[in-house]
Amino acid sequence: MEPIITHTGTIATMDRVNVDTDQIIPKQFLKRVERSGFGQFLFFDWRFLKDGSPNPDFELNQPHTKGATILVAAHNFGCGSSREHAPWALQDYGFKIIIAPSFADIFYNNCVKNGMLPIRLDEKKVNQLLASGANQAVEITVDLEAQKITGEGFEASFEIDPYWKEMLLNGWDEIGRTLTYEDKIKEYEQRIG
């Protein structure tokens, strides 16, 4: 996984509560076994009209969100079934960071385990981002090491569990984290013979 230390990117806003994993990646696209290729199906039922053309009213189809790498959402993002495909789809689409007042716990953990940074941020600060990025391209910088978000006229701090922070800063998954103890594991194995 790629380390996340500091990231500057454009935001895409989704001012919807309770966005569930069935909307993030609909069930008919869960047949793939690899982690890639899911981005094209992200928010499929919202992004596309029944004839397959882009829905001009959907948030991610707005010109100012093209190339956005940070998604700002409302409460309880990622609720519903515990499908790891949801973070895969968001990541494959190009998102590296998701900011919301709250997340479903399993979705939050799946994001971190797959190298994405989910940030729980005060609702007033999220609303400020949602308002500023609703109709125009807005760029912000997320500094994971300092646990700060900055942008033009915007500043916020966020909390993150030190364990998850270390994994993201180093680009480790849980196996990579375990391998940091490789010397101690070998020493133990030699001791017990």
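**Note on the predicted model**

1. Glu34 is a convenient place to enter this structure, and it sits in the loop that runs between helix α1 (21-24) and helix α2 (44-47). The model is a predicted one, and the values below should be read with that in mind. With a relative accessibility of 37%, Glu34 is classed as partly exposed, since that class covers what falls between under 20% and over 50%. Although Glu34 and Trp88 are separated by 54 residues in sequence, their C-alpha atoms lie 9.6 Å apart in space.

2. The strands deserve attention next. Seven of them form an open sheet with mixed pairing, in the order β4-β3-β2-β1-β5-β6-β7. The edges are taken by β4 (117-120) and β7 (154-157), and because each of these has a single partner strand, one side of each remains without a neighbour in the sheet. On average, and with direction ignored, neighbouring strands of this sheet are turned by 25° against each other.

3. Within that sheet, strand β2 (residues 70-73) and strand β3 (residues 97-100) run parallel and are joined by three bridges. As one point of reference for a reader tracing this pairing, Ile70 has Ile97 as its bridge partner in β3. Helix α4, which spans residues 105-113, packs on the sheet, where it touches both β3 and β4, and the direction of the helix makes about 135° with that of β4.

4. Which residues does Thr10 contact, once its neighbours within four places in sequence are left aside? Thr10 belongs to strand β1 (residues 6-14), and its contacts are His64, Ala68, Thr69, Ile70, Ala137, Val138 and Glu139. Ile70, in this list of contacts, is also the residue whose bridge partner in β3 is Ile97. The relative accessible area of Thr10 is 19%, and it therefore counts as buried, the cut-off for that class being under 20%.

5. How many disulfides does the structure hold? The number is zero, and the two cysteines Cys79 and Cys111 may be considered in turn. Cys79 takes part in no disulfide, and the nearest cysteine sulfur to it, which belongs to Cys111, is 13 Å away. Cys111 likewise is in no disulfide, its nearest cysteine sulfur being that of Cys79 at 13 Å. A pair would need its sulfur atoms within 2.5 Å to be counted.

6. As for their surroundings, Cys79 counts as buried, its relative accessibility being 13%. Cys111 is buried as well, with a relative accessible area of 0%.

Definitions and conventions: Residues numbered from 1 in each chain as written. Predicted model: local features only at pLDDT ≥ 70, side-chain atom pairs only at ≥ 80, totals over all residues. Heavy atoms only, no water. Pairing = 2+ DSSP bridges. Helix = DSSP H or I, 4+ residues; strand = E, 2+ residues; numbered from the N terminus. Axes fitted to C-alpha atoms, helices over the stretch in contact; angles between N-to-C directions. Contact = heavy atoms within 4.5 Å. Buried < 20%, exposed > 50% of the residue type's maximum accessible area, 1.4 Å probe, protein only.
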